[in-house]
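User: I have a structure open and would like to go through it bit by bit. Can we start with the loops?

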Amino acid sequence: MLFGRQLRIGIWLLAAAVGLLLSIFLAVSYGAKELTLAAVWSAVWHYNPDLTAHQIVHDLRLPRVLGAVVTGMAFGAAGAMMQGVTRNPMADTGILGINAGSAAVVALSFAFLPQISYSRLMLLSFAGAALATLLIVLLGSATPGGLTSMKLTIAGAVIAAMLHSFSTGVAIYFDLSQDLAFWYAGGVSGVTWAQLKLMTPVIMLAIMWAMLLGRPITFLSLGDESAVNLGINVRYIRVMALTVVVILAGVSVSAAGSISFVGLVVPHMARRLIGVDYRAVIPLSALLGAVLLVWADFASRMVQPPREFAIGAMVAIVGVPFFLYLARREGREL
Amino acid sequence: MNIHHIRLQRARRAWLVSMILLLIAVIAILISLNTGTIRLSPLRVLYTLLGLGTRQEHMIMFDYRLPRIVITILAGAGIAVAGAILQGTSRNSLADPGVLGIHAGAGLGLIIFVSFFRTMEGSVSVLIPLFTFTGGVVTALIIFLLSYDRQRGILPIRMILVGIAISAGISAVTLLLSLKLDEDTYTFTATWLAGSVWARDWIHVWTLLPWIVLILPWVYWRSRYLDLFTLGDELASGIGSQVNRSRISLMLLAVALSSASVAMVGSIGFIGLIAPHMARQLAGAQHRYFLPAAALLGVVILLAADTVGRSIFQPNAVPAGVVVAAIGGPYFLYLLFKKY
């Protein structure tokens, strides 16, 4: 029985990984100029800077698709951890305002420090994410009797709206308005190789750290009492998990802007597929998040080529119905 | 101290509050007229109004500042009263047309209008409020259906949550549609969603004016029903109010007010939340007392936000919606944690 479950987890993880690889190849091949799979293959493994097709793959498509993969992984894993730790099925770094906090700081640093290096920007982005997280945690602990998950969600959404409108104001005031679409809904179209080299190891390490926390998070997701009885230091695990969430959200927002709903939708799918063991839910959420974002990015440049549609809005079109379904289900207990 | 005396006292207080707010509103209008690259002092404003100003002053005042200010005044009053009605009819103190997503629906209507007529200027823009109203009504309908529970009626917290989500979804669809049109419309939509007063022509004033000046007195006349709703459905129907019919008609009026207003000033949230709450504190809880105060507060807040947005942050203007959100957001959180 135990073996059967592990087999099932393994199969789903493998399937998601294969799906991700296929999605990547598809997204790299199709676009304003269609390329054959063979051309993509040779561009990746035998890069020849003289060929236009190779240039398109190497300079335009591959960075943005890989950017979507990495940020999708980060948002997916962060959402899974937040849902596990807060036991709030509607938790997501976008909805709860963590992404917006990070985006606000990024907007500010674009305005005041336009020459800032990407590694510094990433650190500032962490700081923004950490501040927003702190604000939400404080609001939660300041309320006697704790927050119901719906109330926390509303509070987070309002904080997100405020920070978002602040970022928009900064962008308009400092004439960053050509990047307004970026602030509005995020996008991976601007991801560069240099950014990828920096953010990929950070995100991969953070996801591994998250998987190490998978066991205690599973117990936490069952309730504080049972976690304490099983010998888990609840406070410590919670702080650790939120730290990882802040790192994941901070890095991905600094590269792709604030994208909501990935971290909301994906963990629910993962739990439906393989159960509540977060050691498996976190990696599967990461893989599925990557698939979702690659497709969203693909769709956002295919709706009206050569124009680009905001990727965040693309994800929202999928995410909102799902959110409504969850709100309706959760509302029963209200 | 008998009951008549108390009633008289309350009425007097509401009257006083409204007068003070009216005075503040007039001062705000004068400051707003005086703000800009070329300044117009109150005295010069008076001269220009009497037709004694220079040609340049005349042009600045009547072609640039005044239409924008009149639109801001009308929209501020409209959104504030819409918020008051929504709060009264749904007995949800957090209700606000922006947070509930009605503004997002109106925005969708606006973009559909643009895709039909390809312009937002000229006489055809008289039709804009019809489109935004349709968008707002459809959105409101969706929100109420989704937050309705068969046993317990409309659930306040769920209504807010559904509204936030619907707002995000509809904004996304609106952006998608606007991108399908052209690059400029896309940028316009993004700034519209941030809440900027874009309408600057007299034709937009004449478009918005009938909606506000016809609906506001009507709502004031029906304000007794709003008081009945705050007592609860059972009591209201016991007293003899036809609960559901007057509730639906009042909600439609609220949607009409807010969608017509945001058609001209962009998706501005939180005014419909703050203005009625402050007015209630100042002028008393009965609707006939605080509705005028709420409308005036809406005018003052929106006018101040627009003036601050276009003056302090020179040379670039910050949308009024951004300024309002900076005050309105914390207030919303305060209410959320105080009441629920």
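User: Where is Phe261(A) found?

Analyst: This is a predicted model. In it, Phe261(A) sits in the loop between α11 (234-256) and α12 (262-274) of chain A. Its phi is positive, about 75°, although Phe261(A) is not a glycine.

User: Is Phe261(A) buried or exposed?

Analyst: Phe261(A) is buried, with a relative accessible area of 8%.

User: And in chain B, what is there to say about the phi of Phe270(B)?

Analyst: Phe270(B) is not a glycine either, and its phi is positive, about 75°. The residue lies in the loop between α11 (243-265) and α12 (271-283) of chain B. Phe270(B) counts as buried, at 7% relative accessibility.

User: New topic: salt bridges. How many does the structure hold over all chains?

Analyst: Five salt bridges over all chains. One of them joins the side chains of Arg64(A) and Asp297(A), at 2.7 Å from N to O. That pair links distant parts of the chain: Arg64(A) is in helix α3 (residues 52-86) of chain A and Asp297(A) is in helix α13 (residues 278-302) of chain A, 233 residues apart.

User: Are those two buried or exposed?

Analyst: Arg64(A) is buried, with a relative accessible area of 8%. Asp297(A) is buried too, at 2% relative accessibility.

User: What else does Asp297(A) form a salt bridge with?

Analyst: With Arg301(A), where the closest N and O atoms are 3.9 Å apart. Arg301(A) and Asp297(A) both lie in helix α13 of chain A, four residues apart, which is about one turn of the helix. Both of these residues are buried. Arg64(A), Asp297(A) and Arg301(A) are joined into one network by salt bridges that share partners.

User: Which residue does Asp277(A) meet in a salt bridge?

Analyst: Arg279(A), with 3.0 Å from N to O. Asp277(A) counts as buried at 13% relative accessibility, while Arg279(A) is partly exposed at 43%.

User: Why is 43% called partly exposed?

Analyst: Because buried means under 20% relative accessible area and exposed means over 50%, a value in between, such as the 43% of Arg279(A), is partly exposed.

User: OK, rings next. How many aromatic pairs are there over all chains?

Analyst: A search of the whole structure finds 14. Among them is the pair of Phe116(B) and Phe131(B), which is tilted, with 6.2 Å centre to centre and 55° between the planes. Phe116(B) is in helix α4 (residues 102-117) of chain B and Phe131(B) is in helix α5 (residues 128-146) of chain B, so the pair links distant parts of the chain, 15 residues apart.

User: How accessible are these two rings' residues?

Analyst: Phe116(B) counts as exposed, at 59% relative accessibility. Phe131(B) counts as partly exposed, at 21%.

User: Which residues form one aromatic cluster with them?

Analyst: The cluster is made of Phe113(B), Phe116(B), Phe117(B) and Phe131(B).

User: What lies over the face of Tyr225(B)?

Analyst: Arg222(B) does, at 4.6 Å from the ring centre. Arg224(B) also lies over the face of Tyr225(B), at 5.2 Å from the ring centre.

User: Switching again: where is Thr189(B), and what does its side chain touch?

Analyst: Thr189(B) is in helix α7 (residues 183-194) of chain B. A polar contact of 3.3 Å joins its side chain to that of Ser178(B). Beyond its neighbours within four places in sequence, Thr189(B) is in contact with Ile111(B), Thr174(B), Leu175(B) and Ser178(B). Thr189(B) counts as buried, at 1% relative accessibility.

User: Last topic, the two chains together. What area is buried between chain B and chain A?

Analyst: About 3,700 Å², of which carbon and sulfur atoms give 76%. In chain B, Leu161(B), Leu179(B) and Phe337(B) lose the most area to chain A, together 17% of what that side buries. The contact takes 48 residues from chain B and 41 residues from chain A.

User: How many salt bridges cross that interface?

Analyst: The rule finds zero salt bridges across the interface of chain B and chain A. For residue pairs in polar contact, both at pLDDT 80 or more, the count there is also zero.

User: Which helices of chain B supply at least two residues each to that side?

Analyst: α5, α6 (156-181), α7 and α14 (320-339) of chain B. The largest share of the side that touches chain A comes from α6(B), with 18 residues.

Methods
Residues are numbered from 1 along each chain as its sequence is written. Chains are lettered from A and ligands numbered from 1 in the order in which they are written. This is a predicted model: local features need pLDDT of at least 70, side-chain atom pairs count only at pLDDT 80 or more; totals for chains, interfaces and linings use all residues. Side-chain values use heavy atoms; hydrogens and water are left out. Buried means under 20% relative accessible area, exposed over 50%, partly exposed in between (1.4 Å probe, protein chains only). A polar contact is a pair of N or O atoms within 3.5 Å; within protein, one must be able to donate a hydrogen and the other to accept it, and residues adjacent in sequence count only if both atoms are side-chain atoms. Contact means heavy atoms within 4.5 Å. Rings of Phe, Tyr and Trp (its six-membered ring) pair if their centres lie within 6.5 Å; planes under 30 degrees apart count as stacked, over 60 as edge-to-face and the rest as tilted. A charge sits over a ring if NZ of Lys or CZ of Arg is within 6 Å of the ring centre and within 35 degrees of the ring normal. Buried area is the accessible area (1.4 Å probe) that two parts lose on being put together, summed over both. A salt bridge is a side-chain nitrogen of Lys or Arg within 4 Å of a carboxyl oxygen of Asp or Glu.
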